[in-house]
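Reader: Hello! I'd like a close look at the empty spaces inside this protein and at what surrounds them, please.

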Amino acid sequence: MSLPGLPASVRLVEVGLRDGLQSVPEPLPTARKLELVQLLIDAGVREIEAVSFAHPKVLPQLADAAEVMAAVPRVPGVRYRGLAPNFRGAERAVDCGLDELVVVVSADEEVSRRNQNLTVDEALLDLARIGDLAEASGLRLVTAVACAFFAPARGPVPAAERRRVLEAAAAAGSAGVYLGGTSGQEEPGEIYDGVAEVRSGYPDLEVGVHLHNRNGFAPANALAALQAGVDWLEGSFAGLGGDLWFPGDPAVLGNAPFEDLVHLCDGLGIKTGIDLPAYMLASEQIAALTGRASASFVSRGGTRAELAAASWPAAAGSAAGKG
């Protein structure tokens with residue numbers, strides 16, 4: 001059953017191979033990554049952020065980006081993204097068979113310095129150069145606005161600082177932008193306003209939202225984004241990855257679990273083209289490969305169909321007082 005004001009369909013972008021695996025200390029073998037890609041495709045995932053072109057010494061977990069892109073299945077309708085943190089990374093990316101190049105620019109000055117060793121001004125100059133490079137290479141450019149709403153050790157990020165990056169993204173020729181919930185402390189009203197701002201102020205840009213789940217608001221933030229007219233939502237298998245900069249229980253510090261986004265959309269009657277039971281094979285595989293338990297609610301609690309089909313234990317005790 002759907003709710004008023006929601007779209008009939010939405011795109012879901014799987015970022016686990018990049019944002020998820022970069023948080024795992026031991027690099028996953030290239031062959032295992034390719035197996036995961038195939039599982040995602042088999043489940044109906046059509047947009048995969050597969051690699052990062054950060055310096056291999058910074059992210060050894062993703063040092064095999066070129067090898068991964070040389071071997072991924074080339075299936076009609078499947079688009080592969082790669083992330084570049086700076087111009088040097090973009091130069092490495094352009095000849096690797098990507099469909100989309102993602103460039104990260106933080107709206108917050110301190111996060112930009114700490115995460116990319118660049119001021120925001122320097123990152124915006126890089127973005128302009130990368131825009132020229134992407135156009136010359138025939139790559140679709142997506143600008144990721146990190147800390148679009150809230151920054152660690154600061155709090156809410158003024159909308160003017162977000163708009164500064166949006167203006168630069170449009171000027172660089174971006175086809176789309178995504179608003180990054182980098183801290184995991186974003187709230188539904190902020191998400192709604194941010195997506196609506198892009199919709200009204202930058203109508204030529206597609207807009208997505210990258211969701212983290214530190215405060216447990218990822219489903220509510222996804223719903224707010226859907227109500228505001230978002231083009232796509234981003235999550236990671238099993239909730240792997242995400243904000244690990246500041247203290248907190250690792251069980252809540254990850255990305256929005258991709259399977260929970262699929263489950264949410266299914267429950268709202270929003271088509272994604274993704275088969276949840278088939279997708280769960282990838283989620284189970286990544287948990288087995290990394291030794292990390294899934295943070296996903298649907299992985300741990302099951303679906304409505306599973307609960308409806310369940311049988312009472314043969315010697316079930318009284319259910320009185322169970323609610």
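Reader: How many cavities of 30 Å³ or more does the count come to?

Author: Happy to walk you through it. This is a predicted model, in which local features need pLDDT of at least 70 and side-chain atom pairs count only at pLDDT 80 or more, while totals for chains, interfaces and linings use all residues. Residues are numbered from 1 along each chain as its sequence is written, and side-chain values use heavy atoms, with hydrogens and water left out.

The count comes to 2 cavities of 30 Å³ or more. Here a cavity is a set of points, on a 1 Å grid over the protein atoms alone, where a 1.4 Å probe fits but cannot get out; a pocket is an open set with protein on both sides within 12 Å along at least five of seven lines; and lining residues have an atom within 4 Å of a point. A volume is the space filled by probe spheres set on the points, with grid points joined across faces, edges and corners.

The largest cavity has a volume of about 40 Å³. Around it you will find Leu21, Val24, Glu26, Pro27, Leu28, Lys33, Gln61 and Thr290. That lining splits into 4 nonpolar, 2 polar and 2 charged residues, where Ala, Val, Leu, Ile, Met, Phe, Trp, Tyr, Cys and Pro count as nonpolar, Asp, Glu, Lys and Arg as charged, and the others, Gly among them, as polar.

The second largest cavity comes to about 30 Å³, and its lining is made of Pro85, Asn86, Val103, Val104, Val105, Gln116, Leu118, Ala123, Asp126, Leu127 and Ile130. Two elements, strand 4 (100-106) and helix 6 (120-137), each give two or more residues to this lining. Such helices (H or I, at least four residues) and strands (E, at least two) are DSSP runs, numbered from the N terminus. Helix 6 provides the largest share, 4 residues. By type, the lining holds 8 nonpolar, 2 polar and 1 charged residue.

Now for the open spaces. The largest pocket contains about 960 Å³ of space. It is lined by 35 residues, and those closest to its centre are Gln22, Leu59, Pro85, Asn115 and Gln116. Pro85 and Gln116 also appear in the lining of the second largest cavity. At least two lining residues of the largest pocket come from each of helix 1 (16-20), helix 4 (87-93), strand 4, helix 5 (109-116), strand 5 (140-146) and strand 8 (176-180). This lining divides into 14 nonpolar, 15 polar and 6 charged residues.

The second largest pocket has a volume of about 210 Å³. Of its 17 lining residues, Gly239, Leu240, Pro250, Arg292 and Ala293 lie nearest the centre. Here the split is 10 nonpolar, 6 polar and 1 charged.

Some packed spots are also worth a look. Ser236 sits in the loop between strand 10 (232-235) and helix 10 (258-268). Its relative accessible area is 0%, so Ser236 is buried; buried means under 20% relative accessible area, exposed over 50%, and partly exposed in between (1.4 Å probe, protein chains only). Leaving out residues up to four places away in sequence, Ser236 touches ten-odd neighbours you can click through, among them Glu14, Asn255, Phe258 and Tyr279, with contact meaning heavy atoms within 4.5 Å.Phe258 and Tyr279 bring us to the aromatic rings, where the count comes to 1 aromatic pair. The ring centres of Phe258 and Tyr279 are 4.9 Å apart and the planes meet at 35°, so the pair is tilted. Phe258 belongs to helix 10 and Tyr279 to helix 11 (residues 276-290), so the pair ties together parts that are 21 residues apart in sequence. For reference, rings of Phe, Tyr and Trp (its six-membered ring) pair if their centres lie within 6.5 Å, with planes under 30 degrees apart counted as stacked, over 60 as edge-to-face and the rest as tilted. Phe258 is buried at 0% relative accessible area, and Tyr279 is buried at 0% relative accessibility.

Arg129 lies over the face of Phe87, 3.8 Å from the ring centre. A charge sits over a ring if NZ of Lys or CZ of Arg is within 6 Å of the ring centre and within 35 degrees of the ring normal.

Lastly, Asp108 is in the loop between strand 4 and helix 5. With 3% relative accessibility, Asp108 counts as buried, and its contacts beyond four places in sequence include Cys147, Arg154 and Glu161.
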